[in-house]
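Here is a short tour of one protein model, written to be read with the structure open beside it. Please rotate along as we go.

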Amino acid sequence: MENVLDILRPLFNFTKIEIIALLVLLLFFGIQLYYYLAHYRKILRYANREEDEKPNYTGSLPSVSVILCSMDDSENLKKCLPTILEQDYPSFEVIVVNDSFTEECQSLIHAYTKKYSNLYSTYIPADAKYLSRKKLSITIAAKASKNDILLFTEPNCYVEDKHWIQRMMQNFTTETEIVLGYSRMEKKKGYSNRLAAYDNLFSAMQYLGQAITNNPYRGIGRNLAYRKELFFRHKGFSKFLYLQVGEDDLFINQVATKNNTKVEVDVAGITTCNISRFDWKVQKMCNALTSGFYPKGIRYLFDFEVITRYIFYALFIGIVTLSSLLYFAWMVAVIAGIIFITRFIIQLKTINKTAAKLKDRKFYTSILYFDLMLPIINSYYKLYRKFGGKKDYTYSYNS
């Protein structure tokens, strides 16, 4: 036994600088651990609890108006509309508001209205004077709707379960005015699609997680429902009509409270988005503008996670580099490696278990790259919007 201790003792005879380096690394590891266990696992815990405790819904289902705003998006509508019109739901209408109908889109809508009596359409004239034509589209649809509850998705989205409407609607009680749903990215080959899918999943882990714990601050128009009365009580988009964007996230940020908002993450209540690289770029541009209006507490909360993430990576690389140069004992690098791998395993399990619950794609080693790249990309778009963003991308409806 003494011989073993004699062998191990020199390995752990660290200098003060080595001990401080490891303690600082452990500190930032602890902060990262807190975020992943306390914040980023909220969807996972909520979904597990719902599976264990939520009984089959037997209450009366409210009538609903499903609204889509389209910019002559006939190709996407061909895939989207049938999945909505054939929902297994007792009472709903579908309203398509098109920004300047083309002949192709008119023919498509006309063909569907012959088959489905609950499909209605209208359009915005090309000469309509309105800063945000999408906000105008939603306002027109809300006024035209017959029902008190409005359910939104996008033409480039589709649903794979015939109970999507039911899953979203069964969350509405007398107190509920808003239901936030999840929209995953359609799986395609290529780096840009994987990056967009990871960004979408990680973002949902933040804003849906906060809503689950009674701190809603954002919603996305690809899967979102709220009461018409709520919309008009707050005078629609009047508080941010000067912006071309924000018809989903800023509106929810304005009207959502801890008491009037619920979250739906069951796989039957999910939409799937067929997003292009350009659409994702538009989405990032829009969010670069609107995120500045989110509550400061939310922004500081997740900005601090990014800062500590980079410090953690920098400390790990610094310790390994100094060990390779023989300034630090090699055992210091081994311990740092164990800490780094432990964080990665926790991160991997949290993200992929959440993805599994949402029937989304999983990520492995690419997580490390996206971990570092996404904050840089987000910062780029924020700076571009502020200083160099002359070209306007905000007219795209699929953002």
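## Two helices side by side

Let's begin with a helix pair: helix 2 (residues 16–39) and helix 13 (residues 330–357) have axes that come within 11 Å and cross at roughly 5 degrees. Because angles under 35 degrees count as roughly parallel, helix 2 is roughly parallel to helix 13. By class, their contact has 13 nonpolar, 4 polar and 2 charged residues. Please keep in mind that this is a predicted model.

Which residues of helix 2 meet helix 13? On the helix 2 side they are Glu18, Leu22, Leu25, Leu26, Phe29, Gln32, Leu33, Tyr36 and Leu37. Their partners in helix 13 are Val332, Ile335, Ala336, Ile339, Thr342, Arg343, Ile346, Gln347, Thr350 and Ile351.

## A closer look at helix 2

Helix 2 has 24 residues, and its first and last C-alpha atoms lie 34 Å apart, close to the 34 Å expected at 1.5 Å a residue.

Buried residues of helix 2 include Glu18, Leu22, Leu25, Phe29, Gln32 and Tyr36, and each of these six also appears in the contact with helix 13. Also buried in helix 2 are Ala21, Phe28, Ile31, Tyr35 and His39.

## Helix 8 and what follows

Helix 8 covers residues 191–212. Its 22 residues should span 32 Å at 1.5 Å a residue, and the end C-alpha atoms are 31 Å apart, which agrees.

Is helix 8 mostly covered or mostly open? It is mostly covered, with 19 of its 22 residues buried. Just after helix 8 comes Asn214, which takes a positive phi of about 65 degrees.

## Cysteines without disulfides

A disulfide is a covalent bond between the sulfur atoms of two cysteines. The structure holds 0 of them.

Why does Cys80 form no such bond? The closest cysteine sulfur, in Cys157, is 7.0 Å from the sulfur of Cys80, so the pair is too far apart for a bond; the cut-off is 2.5 Å. Cys80 has a relative accessible area of 1% and is therefore buried. Cys69 counts as buried too, because its relative accessibility is 3%, and buried means under 20%.

## The protein as a whole

Stepping back, the protein has 14 helices and 10 strands. Of its 399 residues, 53% are buried. Among contacts between residues at least 6 apart in sequence, 83% join residues at least 24 apart. The pairing of helix 2 (residues 16–39) with helix 13 (residues 330–357) is a good place to return to with that in mind.

Conventions
Residues are numbered from 1 along each chain as its sequence is written. This is a predicted model: local features need pLDDT of at least 70, side-chain atom pairs count only at pLDDT 80 or more; totals for chains, interfaces and linings use all residues. Side-chain values use heavy atoms; hydrogens and water are left out. Helices (H or I, at least four residues) and strands (E, at least two) are DSSP runs, numbered from the N terminus. The expected span of a helix is 1.5 Å times one less than its number of residues. Buried means under 20% relative accessible area, exposed over 50%, partly exposed in between (1.4 Å probe, protein chains only). Axes are lines fitted to C-alpha atoms, for helices over the stretch in contact, and angles run from 0 to 180 degrees between N-to-C directions. Angles under 35 degrees count as roughly parallel, over 145 as roughly antiparallel, 65 to 115 as roughly perpendicular and the rest as oblique. Contact means heavy atoms within 4.5 Å. Ala, Val, Leu, Ile, Met, Phe, Trp, Tyr, Cys and Pro count as nonpolar, Asp, Glu, Lys and Arg as charged, and the others, Gly among them, as polar.
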